[in-house]
Structures are given as C-alpha cells and as structure tokens.
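Reader: I should be glad of some guidance on how to read a protein model. Might we go through it feature by feature?

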Amino acid sequence: MTEELTYAPTTEEIKDPEKSLTTETSEDGDENQERGNWGSKLEFVCSCLSFAVGLGNIWRFPYICYVNGGGAFLLPFTIMLVLAGIPLMFMELSFGQYASQGVISVWQASPLFQGIGYGMFMVSTFIALYYNMVIAYNIFYLFASFNSDVPWRFCGNEWNTQACGVLNKAAEKNCTAYNGTYFNDTCYSIESHGWDIYNYIQNVSNLTSEEELKRVNPSDEFFHNYVLDITEGFHDMGGVRWQLALCLLLAWTIVGLCLIKGIKSSGKVAYFTAFFPYVVLLVLLIRGLTLPGSVDGIKYYVTPQWHLLGRAKVWSDAAVQIFFSLSPGWGGLITLASYNKFHNNSLRDAFIVGIGDCLTSFFAGFVIFAVIGYMAHDLQVDVTEVVSKGPGLAFIVYPEVVKRLPLSPFWAISFFLMMITLGMGTQFATVNTMHTTLLDLFPEKLRKGHRPTITLSVICGVMYLLGLTMTSKGGLYMLTLMDNYAGTYSLLFIVIAECLALSWSYGSDRFLKNISQMIGRHPGIYWKYLWQYITPCVLLFIMFFTWYDFTPSSYRDYVFPVWADVLGWMVSLTSPLMIPIVATVMIITARRDQRYQHMTLWQIIKMLTRPTEAWGPALEVHRREAAESSTRMVPMVDMSTMNTNNTVEKNNYKNEESDAKEPLTNGAVDA
C-alpha cells in the first residue's frame, strides 16, 4: 500500500520559515554548515584513494598476482571488480552522501538494521587499534635509516646471534656440487682440508640440528631481535619496548593533528597521502629497472599462466583481494561521502576510486618484482626463493634489497616514508569514521565549541593506551591475531547484511531514485540486479573460500595456542553480532511502548524496516527537491529517537491495520 507524500514543516522551519526556502553557504563554501563539506571534489577523491590504497596494495597484491597466474590473474581480478568492488563502493558512497550521516545515524533508512552501523563502528575501532602499530614499525625503520649506513647491513651488532650470516646460496650450491660440506660460510672438502677436518665437520653437521645450521640474514635479525626483541610466544609477552611505544605515540599524534579540524584539515593532508606514494613508486621503479635481474623479476610477475584460471582458488583470491582492497564495510566510505555536497556525482567517484586502487596495486607489483629480481640475481637464486608477502616483504626482504644499493639510507628513507604515507591515508579515514559516528550520535553534546577536538583527543589517547599491548616484546603475536580476525570474517557478514538490507528491505528501486536525485539521472537498472543478486552471491563465494582456507593462527614456526584463536573468533564475532542484538533491543523497546501494544510482532518488525521521518537529505532544500521529484512514497514512521537506549517518542505510523495485512515485499513499495 502506498500513500501520497505530504510535506510537513519541521520545528526549526516553524520558528524560521525562511529556512525551508533557502540554503545559506558559509564562508568556506560549505553547503551543510553544521557538519561541513569537503573543500573541493578533488579532496574527496584523494581521501577515498588514500583510504582504499593501503599497505596491502604493496605487500599483498603483487604476491597474490604472481602465484595466481601473473598477467592472467588480471582477468578474474577485473571481473570481480565489476561484479563486487565497484557496486559495493557505489552503494556505500551514495548511501552516506544522500543522508549526510555517519555509519549508525544513516540507518534511519531502515532502523531495524541499525546494528550494521554499530558493527562497522566496531570494525573500524579494532582495525585502527592495530593498524597504527604497523605504521609505528615503519616509523621505527624511518628513524633507523637516518644514518651514514643502514644498521641491518652486517652482523656483529649486539642484537645479532651466532646464526647471523650473509646468505650465499650460490656458494652453498657450488660447494655441494663438488661433494663438499658448506658450514660457517666455508666450503669444506677432502681435497682442500683433508680427511681429518672434513670428517670433523661432517660429525659436527650431523650433531647440529638443522635449525642451528640455518643462516639468518642481518635484516631478519634486525627486525625480530632489535625492533621487536620478540619472545617465544603468548606465554611470554615481555615488557613494553619503549622505542616502539614512542613510535606509536608519534603515530597517534600525527593522526590527531591531521584530523584536528575534521575534513578541513584531513582533506588538505589527503593531497599528500594520495600523490606522494605514486612519486616514490615511480622513482623506485625507474631505479629498479636499472638494476641487473630486474627484468627477470618483472617477467615472473606478468607472464600469464592461463591454465591456472581453471582453479577455483584463483577466482576466490581475486574476489578476496578486491573486497579487502577497496575496504567496504569499514564505514570509511560512508563517512567520507557523508561530507560531500548533495549533488556530487557518486557514480563517477566510485569508478575513479575503484579503478585507481586496482591500477595502483598492479603498478606496485612492477616496483616490488623489479627489486626482487635484482636480489635474486645478486644471490644467484631463482626469484621464487626470494618472493614474499606481508610484513616480511616490508621489514625483511625490502631492507635486504636496500642494503645492496648505493646510497642505501636514501632508498630506505624513501620506501618507509611511502609506507607511512600509505598507512596514514587509511588510518585517517578509519579514525574519522569513529569520530564522525560519535558526533552524529550526540550532536547536541559533542558538536559544540571545542568538543569535537576534545572527542578526537580522547579517541586517540584511549586507542594509544590500548595499543601499548602491541608494543611489548610479544606484541607482534597480538597484532597478527587482530589482523587475522578483526577485519576478515566479520566484514563479510556486515557487508552481506548491508547489501541485502539496502536492496531488499529499503528497496533498490527507491535507493536508485535517491541516487538519481543526487546525480541528476538514473544510474541504470543493472545496479538493482547487482545489489540484489550478483554482488551478494560473490560475497557468499568469498565467505565460503575464506572459511575453507582457514588455518589456526601462527607466526613463522610458532602456532598460536587454542585460546588465542578462540579470543580471535570472539573479536571477529563481536561486530556482526551487533546486528541481531540491536534489532532485538529495538523490537523489545517498541513492544513495551504503550502506543504499540495493539500491534503484532510482525507489524512492529515491518514498521522498523521502514524509513523514519528523520531519513533523507540533511538540508530542507534538498528534502523539498526529493518531495517534488517523488509523487508517491512509502509511509514513514518517526523512529528518530528510538535506538538501543530510547523509546519511541512520536508515532507517525499511518493506516496500521490495513498496512499490517500486506506482506513485506522486495523494496516493498513504489518509490
């Protein structure tokens, strides 16, 4: 059943009738004077690129592309971008921009699913907690590089062990080829050392375990023995490393200072965080191409292996990489878009950011494999013996490459400054999500005067104190656990729920009409089928293979205890569980309200899936535009004051008895 939309003036309009007819613009050019807007469209695009392009583009994608068919991997990668990446990005950018609200307040569109917003808030909190620790590691390396030479070049330092040695696999292979025994960087043979010494070395080799014989390069020991001073496991977390604690403090200080004026300051910083990494990558690529063996490394990276496309894992890796690279479900895209002007073209921005992120990943692979090819050439080994991914690439392999280059400190400083910049771009949006959510939830209390700055300071301070656990000697184990669970399985649950709630409960037809009001034209009917069917199926596909590939958490040879994985699952499930918890609380709250005693449970659930009176554009001039462009609209209920802590204060539910007889349909009613 549908009803004619009638325009009802708000309390503010009754007090000031002119407010409904005009929209004033502040001196800064802000359309929304209460929340503010981006200084320019470019600031927004740069902020989104900085958020999407992160550390994973450098240390994960090149390896994933290499092991999944090289250039052939671009085919499934592009298909997953079209079927899942851009549709999710377009959906979240449009959702946040239409209502100009944070991840919780924006769910006035369908209050029953407000738990999705709480889940996004918690995901951002967990990720921000450990992500800044990774940035702190890069800050440590940056300061360590300001020397006449990089400190991880040689053994003989106080943090090195007897196992430390410059790896020379070529010499070891040559020694073995001549029936010799390679031990302590020396080739022992009968011809060169005689029977007695040779037999002695043989006996020592037999008595010495393989682990003791294994050589560890200086960059490995610098990271684990000096930067981390790592312990043996969770049973021995050790004390706080004051150097890492200071680096973490600096990281949170940078975040706080860059966000101190909200998007007005972060938007300006975004120019640097968006463009500087490309400058460094280009310089590193040019330098890499001048090194011997770099071309061989790039060939390993891009040579297509078409036969691998028949493997399901290749397609699952493509889908997983797209999903976690563009970062839907964190709340960052919704938050950043909420500061856009109402008529910004969100469709264009989704394509720019989505394609830009993927091209950055592919371009970064040329840089990484160029230097890895050089390292393989220098060691006289195959590229497959050098290639790596994750933190090991950033803190062990690349430092090992840097020390082999002339002017090693310069290249180290450039690389780690780039890594810090990439990390900060993502961290800014993540912390901004937390900050904006709180300001939108309590605008009367937190948006006045200097309270937004105080709120941001409290967030950074609390997060720093919680993050100190990861500055301990065993902190890397906690970081690894958080990375494995905080933003993986939970994100998939949240985004699937978000996609289904917007396309089925709120209605994809209505959502597309909202978008057309913003961008001035209908985006196209195919988005409806993507959001309703194809994208959710791709997300289920990702979820299946993520679970299928599940293995207990570990770091190197250390397998985490069972209780650690249980703790990880608790962290992972905390955020998606907010969806049923918040929905249940809202239903119970509504049923206890005297005005809804005559309604059945199904009627209440149906009512809670409908938009509230508060839902819609933030400014009245845009609400009038929406009213004029829509001749029919679903009845709305005023749930604006109903959340997990408050009851319904105002009932605008119309024709309850007749509406309750209707089934809840897809998108339910005509927009």
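Author: The following exchange takes up backbone angles, a buried side chain, a helix bend and cavities. This is a predicted model, in which local features need pLDDT of at least 70 and side-chain atom pairs count only at pLDDT 80 or more, while totals for chains, interfaces and linings use all residues. Residues are numbered from 1 along each chain as its sequence is written, and side-chain values use heavy atoms, with hydrogens and water left out.

Reader: Which residues other than glycine have a positive phi?

Author: Most residues other than glycine have a negative phi. Here D229 has a positive phi near 50°, and L407 has one of about 55°. D229 is found in the loop between α10 (218–227) and α11 (242–258); helices are DSSP runs of H or I with at least four residues, numbered from the N terminus. L407 lies in the loop between α17 (391–402) and α18 (408–441).

Reader: Are D229 and L407 buried or exposed?

Author: Buried means under 20% relative accessible area, exposed over 50%, and partly exposed in between, with a 1.4 Å probe and protein chains only. D229, at 27%, is therefore partly exposed, and L407, at 65%, is exposed.

Reader: What does the side chain of T433 make a polar contact with?

Author: A polar contact is a pair of N or O atoms within 3.5 Å, one able to donate a hydrogen and the other to accept it; residues adjacent in sequence count only if both atoms are side-chain atoms. The side chain of T433 makes such a contact with the side chain of T335, at 3.4 Å. A polar atom of the T433 side chain also lies 2.8 Å from the backbone oxygen of A429. T433 belongs to helix α18 and is buried, because its relative accessibility is 0%.

Reader: Where does α23 bend?

Author: The bend at a residue is the angle between axes fitted to the seven residues ending there and the seven starting there. In α23 the bend is about 35° at I534, and a proline, P536, follows within four residues.

Reader: How many cavities does a search of the whole structure find?

Author: A cavity is a set of points, on a 1 Å grid over the protein atoms alone, where a 1.4 Å probe fits but cannot get out; lining residues have an atom within 4 Å of a point. The search finds 5 cavities of 30 Å³ or more; a volume is the space filled by probe spheres set on the points, which are joined across faces, edges and corners. The largest cavity has a volume of about 100 Å³. α18 gives the most to its lining, with 4 residues.

Definitions and conventions:
Helix = DSSP H or I, 4+ residues; strand = E, 2+ residues; numbered from the N terminus. 1 Å grid on protein atoms, 1.4 Å probe; cavity = no way out; pocket = protein on both sides within 12 Å on 5 of 7 lines; lining within 4 Å.
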